[in-house]
Each structure stands twice: as C-alpha cells, then as structure tokens.
Amino acid sequence: MRRTVIAGNWKMNMTPAQTKAFIAELAPMVAGMDKCDIVLCVPYVDIATAVEAAKGTNIKIGAENVHFAESGAYTGEISAKMLCEIGTEYVVIGHSERRQYFGETDATVNLRTKAALAAGLKVILCLGEVKDERLNGITDEVVAMQTKLDLLGVSAEEMKNVIIAYEPVWAIGTGLTATPDQADETCGVIRRTLAELYGIELAESTTIQYGGSMNDGNAAELLAKVNVDGGLIGGASLKTDKFTAIIKAANS
Ligand code: PGA
C-alpha cells in the first residue's frame, strides 16, 4: 500500500569522481531490486555527476538541502529551481545536523518544504527527538509537534511527494539505534499525527522511514516493523556492500 524507500544521505562526503565510481559499482549490485525505491542524497557539487551516472538504473538522486527563496541575495544557497534543472528528484529537509549546526528551525524547515514541493521535488522531511526529550518521556509530543509545524500549509495533494524520516537525534552517527519497537512506536505517532492532519487514508499511504545508525546488521529487523517503511542511511550508505545489504533486506 505504501512504498518502501531506502535513501542514502552522504552528508559532506564524496567528490564528483568518487560519486561516479560509487554509482558505477552500486548499480549492478542493486539492479532488479525493485520492491523499494533507491535514492542517494548527495552534496550539491556531486548531483550532476550522480544524475548522469544513475541514468538507466533504478537509483534516484536527491540533494541534502534547498533554500526557500526562488532566487536572490542568499550567498551560498541553492534554490529548488536550480536543483530541478540538473535532474534532482528528491531533497532532504530538516536533517538534525542542519537543525543543530546551521540554525534550522521548524519554521525554516516548513518554508524549505513548501518551496521544494512547489518546484516539484520530492521531500524527505527529517524530524526526531533529542536524548533529553526521550529520557523525559516527551518524545511523542515532540515528534507530533514537529510534524505539525514542519507541514503547516502543505496540502494533501502535495503530501503525495512527502516522505517523513523519523530520526532520533541520539541515534544519528552514534552507533546507537532505536530498538525496532521504539522505531515502530514513534513512526506510529507520526502516522497518527498525519491522520489527524490529513485523514487516515493519506496517513496510511505516506512512507515513514527510520534513520539513525541503520546498517546491514539491523535493517531487516527495523524494516519488518509495520510502521517503518524504509530507511534514511548515513554512514552505511557510503559503502556499496553495506548499502546493498540494506536494500536487499527491503526486498526480501
Ligand atoms: P547514520 O545517519 O546512519 O550515520 O546514523 C543517518 C542520517 O543522518 O540520516
């Protein structure tokens, strides 16, 4: 009923030359694994190379951020139109590293999301609680609030192009993973919030990924959970064998 999506988030890794070599190696390894969508979200400078290298394969290419204005005096930023013109299909928005290091807030995440959707990009919207919030038992409230704020003004029609990535901040790049039950429960909270906002049918058809130290060893267990419809993968997306193993788990 809803599509499983396995997306890599390369963060600040890989040059264009490395991107070309990586995709040339990955493409035959994942050929025919069509029970999930396969996406690589890569640094801006790698996108054109990645799009070219992925032509004719089942690998789709995304960016790791996008600005909310159409153009203008925003030194160092990249617009949705620029991304579309070079063949970008997806964009990660609201990653915790953007929120933590670059002052991203739910308000700017919301603006970026609306701009990306208006331009026709598919959005991978990231949200999740920090460690103190989980320890204090307020995870459900936090993710419900983020879901509502980040999606303010996004229409039901536009939601067809939105994937939510639930990423507990304490699990990102730390080697700590949410247990499959924790991932399932919190993805379930997000789904219930979507049902409140858009109705049950839309909530049931929206892809909700888990992210946070997903790897070849734990992917199968996480992906088996009813509310986990894929993964957003950092570290393990930088190695073709590990990334392929996760895609394989999503195809079994
Ligand atoms: P990680 O990163 O898999 O390295 O924990 C996940 C992410 O940041 O999306």
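The legends below accompany close-up views of a predicted model.

**View 1. Packing of helix α5 against helix α7 in the predicted model.** Helix α5, which spans residues 106-118, packs with helix α7, residues 139-150, at an angle of about 45 degrees, and the axes of the two helices lie 8 Å apart. Because the angle falls outside the ranges counted as roughly parallel, roughly antiparallel or roughly perpendicular, α5 is oblique to α7.

**View 2. Residues that make the contact between α5 and α7.** On the side of α5, the contact is made by Asp-106, Val-109, Asn-110 and Thr-113, while α7 contributes Gln-146, Leu-149 and Asp-150. Sorted by class, the residues in this contact of α5 with α7 comprise two nonpolar, three polar and two charged.

**View 3. The shell of residues around the ligand.** Of the 13 residues that surround the ligand, those that come nearest are Lys-11, His-95, Glu-167, Gly-173 and Ser-213. By class, the shell around the ligand divides into four nonpolar, seven polar and two charged residues.

**View 4. Polar atoms of the protein beside oxygen atoms of the ligand.** A polar atom in the side chain of Lys-11 lies 2.8 Å from an oxygen atom of the ligand, and an N or O atom in the side chain of Glu-167 is 2.7 Å from an oxygen atom of the ligand. At Gly-173 it is a polar backbone atom that lies 2.7 Å from an oxygen atom of the ligand. The ligand taken alone exposes 280 Å², of which the protein buries 95%.

Methods
Residues are numbered from 1 along each chain as its sequence is written. This is a predicted model: local features need pLDDT of at least 70, side-chain atom pairs count only at pLDDT 80 or more; totals for chains, interfaces and linings use all residues. Side-chain values use heavy atoms; hydrogens and water are left out. Axes are lines fitted to C-alpha atoms, for helices over the stretch in contact, and angles run from 0 to 180 degrees between N-to-C directions. Helices (H or I, at least four residues) and strands (E, at least two) are DSSP runs, numbered from the N terminus. Angles under 35 degrees count as roughly parallel, over 145 as roughly antiparallel, 65 to 115 as roughly perpendicular and the rest as oblique. Contact means heavy atoms within 4.5 Å. Ala, Val, Leu, Ile, Met, Phe, Trp, Tyr, Cys and Pro count as nonpolar, Asp, Glu, Lys and Arg as charged, and the others, Gly among them, as polar. A residue is near a molecule or strand if one of its heavy atoms lies within 4 Å of it. A polar contact is a pair of N or O atoms within 3.5 Å; within protein, one must be able to donate a hydrogen and the other to accept it, and residues adjacent in sequence count only if both atoms are side-chain atoms. Accessible areas come from the Shrake-Rupley method with a 1.4 Å probe; for residues, only the protein chains shown count as cover.
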